[in-house]
Amino acid sequence: MILPKHFSHRSPPSKLIFGEGAIDRLAGELEELGIKRPVLVAGTRTAAARVFARTLAALSGLAIAQQTGMPEHSPIEHVRQLRDLARSHGADGFVAIGGGSASDACKAAALWMAEGGELEQHGSRFVPPDQFHAPPVPAPKLPIIAIPTTLSGAEVTGGGSVRTPDGRKIVLVDPKLCARLVVIDPTASLEVPAPIFLASGMNGLAHCIEGYYSRVRTPITSALALEAMRMFMEALPAVARDPGSAQARSQALVAAHLGGQVLVNARSGIHHATCHCLGAAAGVSHGDANSIMLPHAMEFNRADPAAQADLAECAAALGARESSADAAIERVRWLQHEIGVPTRLRDRGVPRAVLAQVAAGVMAEKGLYFNPRRVAGAQDVLPMLEAAW
Ligand SMILES: [Fe+2]
């Protein structure tokens, strides 16, 4: 590992509690945080699962409001409803149960409540080729509790995105939005269907790989990324073989948490930029987009000599016998097949005609700022999308 010339590293101010039955201890944890009037947020599937009922039961002594039915990609109109509900309830905290969309909605609502105005004015912006603007968002935010059931790592980060009606993503970043308490209960994810869980694992793995060759990585994120890669390569095939294994699911959830710690600092690159645009322009879920694009993004970055060397360093953690970028990429392709995630955009209903629009969209994504290989224009991105199609 080559030490970066300069780095700064932020550790999120969160407490993690792990173990079967961790959810049942929530009341004491919320008391410690001084939360008496939380808003519970979940998607439709999670709201019907036992994890939601258990959370409600654990917090039965508190004045709870709830917003269920949060769709994927946290649409802005749902975030607006959540903000208004939190205001009218006099909420003093949020509990996000489920995947990244629940977490991101809570972050966006907490930020919007605190900063006022229109949400869009608080979004960060990337101006190609290398300018990144994040407007100051200094107001204190309500605390967020996260109970993750997928492997997005969104429970760790202080950033999230919200989708606008015209298919754009507003990206919000504020370290004050990092979950104050993260509850990883191995039994909480058992009702998440294996294909969704595993696809979200490709997202978690992508955080580690993109983080490892990121321009803003730190020695700490690099160490976390390698360990999380090892854990994912073991846990994801184990979940695919036995979706009812709480042990395999917990190992994947802990790996995802490490990956989230990587993401907080090392951010993400062209792979995530592309996944965001595929979600916004073609409605591909974040997990599926990650599953398909990851080896292609690694190949894209292999053209950069420094990234190629970094990928070679990842090979062993990915289970390869040989230390080369090619071997690392090969292992990710092996994983795709081993766990049965999608591998082609066309199989997820992406029309070929939309690829040029996606490539153009990628050029406005901040991920390009953190990506190792410089990207001159959409013409650089299109061949990668064609290959993934
Ligand atoms: Fe992600």
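Trainee: Which residues does Leu 368 touch, not counting residues up to four places away in sequence?

Mentor: A good place to start, with one reminder: this is a predicted model. Leu 368 touches Phe 126, Pro 128, Ile 270, Ala 273 and Val 375. Leu 368 itself has its place in helix H14, residues 367-370. Take Phe 126 from that list: 242 residues along the chain lie between the two positions, and yet their C-alpha atoms are separated by 8.3 Å.

Trainee: Is Leu 368 buried or exposed?

Mentor: The idea is to count neighbours: a residue is called buried if 20 or more other C-beta atoms lie within 10 Å of its own. Leu 368 is buried because 21 other C-beta atoms lie within 10 Å. For contrast, try Ser 8, in the segment before strand S1 (15-18). Here the count is 7 other C-beta atoms within 10 Å, so Ser 8 is exposed. Ser 8 and Pro 135 are 127 residues apart in sequence, and their C-alpha atoms are 19 Å apart in space.

Trainee: How do I read the chain as a whole, and what is its radius of gyration?

Mentor: Compare the value with a rule for globules. A compact globule of 389 residues would have a radius of gyration near 21 Å, and the chain has 20 Å, so the two agree. The C-alpha trace spans about 55 × 45 × 45 Å along its principal axes. There are 15 helices and 10 strands, and 56% of the 389 residues count as buried. Sequence separation is useful too: among contacts between residues at least 6 apart in sequence, 79% join residues at least 24 apart.

Trainee: Into which domains is the chain divided?

Mentor: Domain 1 covers 15-188 and domain 2 covers 193-388. Their centres, taken over C-alpha atoms, are separated by 24 Å. The contact takes 30 residues from domain 1 and 33 residues from domain 2. On the domain 1 side, strand S8 (159-163), strand S9 (169-173) and strand S10 (181-184) each supply at least two residues. By class, that side of domain 1 has 12 nonpolar, 12 polar and 6 charged residues.

Trainee: Which residues touch the most other members of the largest nonpolar core?

Mentor: First, the general idea: in soluble globular proteins, nonpolar side chains tend to be buried together. In this chain, the largest nonpolar core has 127 residues, and Val 41, Phe 94 and Met 229 touch the most other members. Helix H7 (residues 219-241) gives the most to this core, with 11 residues. Both domain 1 (15-188) and domain 2 (193-388) give residues to this core, so it lies between them. To look around Phe 94, leave aside its neighbours within four places in sequence: its contacts are Pro 38, Val 39, Val 41, Cys 106, Ala 109, Ala 110, Leu 142, Ile 144 and Ile 145.

Trainee: How far apart are the end C-alpha atoms of helix H5 and of helix H6?

Mentor: Check the span against 1.5 Å a residue. Helix H5 (residues 100-115) has 16 residues and should span 22 Å; its end C-alpha atoms are 22 Å apart, which agrees. Helix H6 (residues 194-212) has 19 residues and should span 27 Å, and its end C-alpha atoms are indeed 27 Å apart. Both helices are mostly covered: 13 of the 16 residues of H5 are buried, as are 16 of the 19 residues of H6.

Trainee: What phi do Gly 116, Ser 74 and Arg 267 take?

Mentor: As background, most residues other than glycine have a negative phi. Gly 116, just after H5, takes a positive phi of about 70°. Ser 74 has a positive phi of about 40° although it is not a glycine. Ser 74 is found in the loop between strand S3 (65-68) and helix H4 (76-89), and it is buried, with 28 other C-beta atoms within 10 Å. Arg 267, again not a glycine, has a positive phi of about 60°. Arg 267 is found in the loop between helix H8 (246-266) and helix H9 (270-282). With 25 other C-beta atoms within 10 Å, Arg 267 is buried.

Key
Residues are numbered from 1 along each chain as its sequence is written. This is a predicted model: local features need pLDDT of at least 70, side-chain atom pairs count only at pLDDT 80 or more; totals for chains, interfaces and linings use all residues. Helices (H or I, at least four residues) and strands (E, at least two) are DSSP runs, numbered from the N terminus. The expected span of a helix is 1.5 Å times one less than its number of residues. A residue is buried if 20 or more other C-beta atoms lie within 10 Å of its own, exposed if 12 or fewer, and partly exposed in between; C-beta atoms are placed from the backbone. The radius of gyration is taken over C-alpha atoms; the globule rule is 2.2 Å times the number of residues to the power 0.38. Two residues are in contact if their C-beta atoms, placed from the backbone, lie within 7 Å. Domain bounds come from an automatic or database domain assignment. Ala, Val, Leu, Ile, Met, Phe, Trp, Tyr, Cys and Pro count as nonpolar, Asp, Glu, Lys and Arg as charged, and the others, Gly among them, as polar. A nonpolar core is a set of buried Ala, Val, Leu, Ile, Met, Phe, Trp, Tyr and Cys residues joined through C-beta atoms within 7 Å.
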